[in-house]
Each structure stands twice: as structure tokens, then as C-alpha cells.
Amino acid sequence: MKQIMDLFLTFGRIGAFTFGGGYAMLSLLNYECVEKKKWITEDELMDGKWKSILTVCGYRAV
């Protein structure tokens with residue numbers, strides 16, 4: 001239960017204090033998830049970012 005609450009509070013804080021969508025959140029995601037909590041690596045974060053960009057671009061191109 002503690003892990004779920006930690007996830008909720010971390011992403012709630014990121015969502016509450018950023019404006020402008022995913023790009024604005026990227027630096028906070030990097031700090032919280034990669035440097036501070038070490039949940040993922042920086043490569044995994046960047047890989048996920050590019051996959052989401054390609055998905056949105058592909059959707060708009062069709």
C-alpha cells in the first residue's frame with residue numbers, strides 16, 4: 001500500500017506543478033523517477049518519450 005501511495009503522491013505532485021503537457025513534465029519526471037527514486041533509467045524514460053511522440057505524429061498524419 002505504501003508503494004501505491006508513493007506513486008500517487010509523486011505523479012500527483014508532477015501533474016499539479018507543471019503546465020503545458022508532457023514536455024513540461026519531462027524534467028520533473030527525470031528528477032523524480034530517474035534521479036531521486038531510481039524507478040527507471042534515463043534511457044527507459046527517453047525511449048518512452050519518443051514512442052509517445054511517434055504515436056501522436058502517426059495519428060495526426062493519417
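Leaving aside neighbours within four places in sequence, Leu29 is in contact with Phe11, Ile14, Val34 and Leu45. The model is predicted. Leu29 is a good place to enter it.

Three of those contacts lead inward. Ile14, Val34 and Leu45 sit with Leu29 in the largest nonpolar core. Leu26 and Cys33 complete this set of six residues. Helix H2 gives the most to the core, with four residues. In soluble globular proteins, nonpolar side chains tend to be buried together.

The remaining contact of Leu29 is Phe11. Phe11 has a relative accessibility of 39%. Buried would require under 20% and exposed over 50%, so Phe11 counts as partly exposed.

Phe11 also has an aromatic partner. A search of the whole structure finds one aromatic pair. The ring centres of Phe11 and Trp39 are 6.4 Å apart, and their planes meet at 20°. Stacked pairs need planes under 30 degrees apart, so this pair is stacked. The pair links distant parts of the chain: Phe11 belongs to helix H1 (residues 2-16), while Trp39 lies in the loop between H2 and H3. In sequence, the two are 28 residues apart. Trp39 has a relative accessible area of 35%, so it too is partly exposed.

The surface comes next. Phe11 and Trp39 join Leu7 and Ile40 in a nonpolar surface patch of about 340 Å². Ile40 lies in the loop between H2 and H3. Its relative accessible area is 31%, so Ile40 is partly exposed.

Stay in the loop for Lys38. This residue is placed between helix H2 (22-36) and helix H3 (42-61). Lys38 has a phi near 55°, a positive value in a residue other than glycine. Its relative accessible area is 62%; the cut-off for exposed is over 50%, so Lys38 is exposed.

Now go back to helix H2, where Glu32 is found. Is Glu32 buried or exposed? Its relative accessible area is 7%, so Glu32 is buried. Leaving aside neighbours within four places in sequence, Glu32 is in contact with Thr10, Arg13, Ile14 and Lys37. Among them, Ile14 is a member of the largest nonpolar core. Ile14 is also in contact with Leu29, which brings the route back to its start. Phe11 can be located from Glu32 as well. The two are 21 residues apart in sequence and 9.0 Å apart in space, C-alpha to C-alpha.

Methods. Residues are numbered from 1 along each chain as its sequence is written. This is a predicted model: local features need pLDDT of at least 70, side-chain atom pairs count only at pLDDT 80 or more; totals for chains, interfaces and linings use all residues. Side-chain values use heavy atoms; hydrogens and water are left out. Buried means under 20% relative accessible area, exposed over 50%, partly exposed in between (1.4 Å probe, protein chains only). Patches are made of residues with over 30% relative accessible area and no salt bridge: like charges are joined within 9 Å, nonpolar side chains (Val, Leu, Ile, Met, Phe, Trp, Tyr) within 5 Å. Accessible areas come from the Shrake-Rupley method with a 1.4 Å probe; for residues, only the protein chains shown count as cover. A salt bridge is a side-chain nitrogen of Lys or Arg within 4 Å of a carboxyl oxygen of Asp or Glu. A nonpolar core is a set of buried Ala, Val, Leu, Ile, Met, Phe, Trp, Tyr and Cys residues joined through side-chain atoms within 4.5 Å. Contact means heavy atoms within 4.5 Å. Rings of Phe, Tyr and Trp (its six-membered ring) pair if their centres lie within 6.5 Å; planes under 30 degrees apart count as stacked, over 60 as edge-to-face and the rest as tilted.
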